[in-house]
Amino acid sequence: MPSPPASFSLLYFGQPLLDISAKVSVKVLNQYGLKSNDMILADETHQPLYKEVQDHRNVTYLAGGSCQNSARGSQWLLPANSICYVGCVGKDDAAKKLREAAHADGLRVEFVVDESLPTGKCAVLITGQDRSMVTDLQAASKMSATTLASNEIWSLVENAQIFYTVGFLLKGSHDAIMKVAEHSSSNNKVFAFNLSAPFLPEVFREELAQVIPHCDYLFGNESEAKAYAKANNLKTSNIRDIAMHLAKIPRANASSPPRTVIITQGPDPVIVATIHGVKSYIVPQVRFTDIVDTNGAGDGFCGGYLAALAVGKSTRLCVRSGLFVAGEILKQEGATYPKTAPHSKPWDEFSVDGCCSLQ
């Protein structure tokens, strides 16, 4: 793998999945014992499903996985070569399609190939406005500290200034998270992390406790924040209190700046906490008739926030950028972005209606 030019500032590392989407009948869901609006991990009974979806006349492919969705959101707003995304894939046709889908969105990807496993994929079965998602991680789950240590990949880490990854890597790839987190802390770089799902703070409580001290930015939604509080016996469900608790966890590097904790709550205000206090930002409302699909809006928020962070914007404008990108995803089918990025960026003071303001 040739080393790419060191022009990017933001490096994402996650579990790349080839999203295979098609509109199907309820009969298909029933055939595989699936619910119309659900997300599950595949077992052996679901394997024939992927070919069935690929054979659909209306099949579409997308560079998926939570982290890659966010990376595409950042790249949508930023100049070419601002983003690099790293993950593990197989040596197969699905990996080729995944690269093509990422490149179609302008995203530069550097995939490590694991020849022993196929590329991870997610069947996205659309019935009306519902989506049933069946994920088969395969090679995507093989990110490790050893993988990152290869000369080609570690050079990407050394060139980057901002890192982002997600809680899904706590299972099986905790050592990879820690390798990058420790590098970031030791070199005064920026490390951002997403709680990702409510079950993760409970199942991987100890692993998460090792990651958070390295976090400069910690993202989550209200369900994930409450799950963290329950798993750590905080005896509160107040989002502002939980965010402040997370902000006050001591830094791994005592000279690092205060941590910023960002908790989204759907249409309710975004909560942002540092050790200096808690603020809430009003969410501009998207008309109900404009909402096509909520899938990926949270990923888009993180991508928009980090894009603004990469160009040095304030917390308020980072939140504003995140909300803008999330709002755009709500108007698309799936975790996709409009073909053309906005001429005026969402962090420009007068570019977007419904300015993100303090509550």
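In the predicted model, helix α4 carries a set of buried residues comprising Ala94, Ala95, Leu98, Ala101 and Ala102. Viewed down the axis of α4, these buried residues fall within an arc of 125°, and they therefore line one face of the helix. This arrangement can be set beside the general geometry of such elements: an α-helix has 3.6 residues a turn, so residues three or four places apart point the same way. The cover over the buried residues of α4 includes the strands β2 (17–23), β4 (60–64), β5 (83–89) and β6 (108–113), together with helix α3 (66–77). With regard to length, the 12 residues of α4 (residues 93–104) should span 16 Å at 1.5 Å a residue, and the end C-alpha atoms are 17 Å apart, which agrees with that expectation. Glycine 106, which follows α4, has a positive phi, near 75°.

Strand β12 (residues 260–265) has 6 of its 6 residues buried, so that the strand is largely enclosed by the rest of the structure. Thr260, Ile262 and Thr264 point one way from β12, whereas Val261, Ile263 and Gln265 point the other way, and all are buried. Strand β11 (residues 217–221) pairs with β12 in the parallel sense over 5 bridges, with asparagine 221 standing opposite threonine 264 in β12. Strand β13 (residues 268–274), in turn, pairs with β12 in the antiparallel sense over 4 bridges, and aspartate 268 in β13 stands opposite glutamine 265. β12 and β13 form a hairpin with 2 residues between the strands, and in the turn glycine 266 has a positive phi of about 60°.

Terms used. Residues are numbered from 1 along each chain as its sequence is written. This is a predicted model: local features need pLDDT of at least 70, side-chain atom pairs count only at pLDDT 80 or more; totals for chains, interfaces and linings use all residues. Side-chain values use heavy atoms; hydrogens and water are left out. Buried means under 20% relative accessible area, exposed over 50%, partly exposed in between (1.4 Å probe, protein chains only). Two strands pair if DSSP finds at least two bridges between them. The expected span of a helix is 1.5 Å times one less than its number of residues. The arc is that of the directions from the helix axis to the C-beta atoms. Contact means heavy atoms within 4.5 Å.
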